[in-house]
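This walk-through takes the structure element by element, from side-chain packing in individual helices to the nonpolar core. Keep the sequence and the 3D view open while reading.

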Amino acid sequence: MDTTTTQPPGPEAGSTATDLRRGSLPQHFPAALLASSAAVVAGVLLAFSSFGFLLWGLLTAAAYVVIVVTASARVEGGRKAKDRLVTSLVYLCFLLAMLPLVSVLWTVLSNGIVRFDAYFLTVSMNGVLPSMDAGGVYHAIVGTLAITGMATLISVPIGVMTAVYLVEYAEGRMKRIIVFFVDVMTGIPSIVAGLFVVALWMILFGPGRTNGAAGAIALAVLMIPVVVRSSEEMLRLVPQDLREASYALGVPKWRTITKVVLPTSAAGLTTGIMLAIARVIGETAPLILTTGSSAVSINWNLFDGQMMNLPVFIYSQVRMGGAVNYERAWAAALTLILVVMLLFFLARMIGRLFAPKAR
């Protein structure tokens, strides 16, 4: 009887185990290669007098991917080379996704910083002619915060409670109907929301009545479906085990929701609400129809008279034309971005405050 055992093929037989015996590229090789590729490509483009940031970035990325994959294939083997190729493509896609954002931020910052100062933030356009090199955006900041604040007070309770109903209570046909209409409302154009509120205001108060409250209601119509969908997804992420543990202790359902489900998802709910605010804070069309576009003085009363806001202010300045008005429009755009960033920062702080503490 032959008791000879068959030995597994060794590395010399062409097994993939040879990859385990290969070397590896130095740890800082990718960074050094990227820097050298950028320098070489920049030198070549400058030599041909055709330097452009977009062309430079694309050629640098192409040269880096080709060289790093080739070097990895020769030193580390095919599997590691494929890994480096996919990793490079992922980073490249990330940079391409960030490129429009960085471009917009840089354009707004470079054009808006010319007029952006304390004077611009603390005065209004009351008594300022369009051609005068004066005036500021304080009245528009007040209007934006007041209108967006009222819209948030309207939409957040409705949206969160609707999401709680969909996740915790709704079943069958009623749930499908609500989800369908929420999805439909998510895609409503902003101008339609503005026309809806204008028609509602004409029925209730007569024609020609524009004020900040009408604009807040128009923004709330746009915010509610966003809050519902984002809050619904956050509530579904709460583990069912937490609910069952609360029920096992004899806690009623409403108290489980208020003491377990909502605190657990507080951070996600806050993020969803901020996304909804960011969705509407820059809307222009519904606010032109509902709040008016000619207010130049500070108005704190949402229910009395026209109320200027940052998006409409930017639109009105661009429409009038002229170098001074364009400068005011860019500075107002920079102010709007900073307001959104400040609101996101405050929302993060509030989310951390109400989030359940780790034991």
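In this predicted model, helix 2 (residues 53–75) packs its buried residues against helix 1 (29–47) and helix 3 (78–112). Those buried residues are Thr60, Ala61, Tyr64, Val65, Val68, Val69, Ala71 and Ser72. The length of helix 2 can be checked against its residue count: 23 residues at 1.5 Å a residue should span 33 Å, and the end C-alpha atoms are 32 Å apart, which agrees. Just after helix 2, glycine 77 has a positive phi of about 105°.

Further along the chain, the UniProt record, an unreviewed entry, annotates residues 141–347 as "domain: ABC transmembrane type-1". In the model, this span is 79% helix and 0% strand, and its end C-alpha atoms lie 19 Å apart.

Histidine 139 sits in helix 5. Is histidine 139 buried or exposed? With a relative accessible area of 2%, histidine 139 counts as buried, because the cut-off for buried is under 20%. Beyond its neighbours within four places in sequence, histidine 139 contacts Val123, Ser124 and Met125, then Ala295, Val296, Ser297 and Ile298, and also Met308 and Phe313.

Phe313 appears again in the largest nonpolar core, which has 58 residues; Val137, Ile147, Leu310 and Phe313 touch the most other members. At least two residues of this core come from each of helix 5, helix 7 (190–205), helix 8, helix 10, helix 11 (266–280), helix 13 (310–320) and helix 14 (323–354). Helix 8 gives the most, with 12 residues. Isoleucine 147, when residues up to four places away in sequence are not counted, touches Gly212, Gly215, Ala216, Leu219, Leu287, Thr291, Leu302, Met307 and Asn309.

Helix 10 (residues 253–264) is one of the contributors to this core. Its 12 residues reach 15 Å from the first C-alpha to the last, close to the 16 Å expected at 1.5 Å a residue. Which residues of helix 10 are buried? They are Thr256, Ile257, Val260 and Val261. Seen down the axis of helix 10, the buried residues fall within an arc of 125°, so they line one face of the helix. An α-helix has 3.6 residues a turn, so residues three or four places apart point the same way. On the other side of helix 10, Trp254 and Lys259 are exposed. The cover over the buried residues of helix 10 includes helix 5 (138–169), helix 8 (212–236) and helix 9 (240–248).

Technical notes. Residues numbered from 1 in each chain as written. Predicted model: local features only at pLDDT ≥ 70, side-chain atom pairs only at ≥ 80, totals over all residues. Heavy atoms only, no water. Helix = DSSP H or I, 4+ residues; strand = E, 2+ residues; numbered from the N terminus. Expected span 1.5 Å × (residues − 1). Buried < 20%, exposed > 50% of the residue type's maximum accessible area, 1.4 Å probe, protein only. Arc of directions from axis to C-beta. Contact = heavy atoms within 4.5 Å. UniProt positions renumbered as here; feature names shortened; annotations may be inferred. Core = buried A, V, L, I, M, F, W, Y, C linked by side-chain atoms within 4.5 Å.
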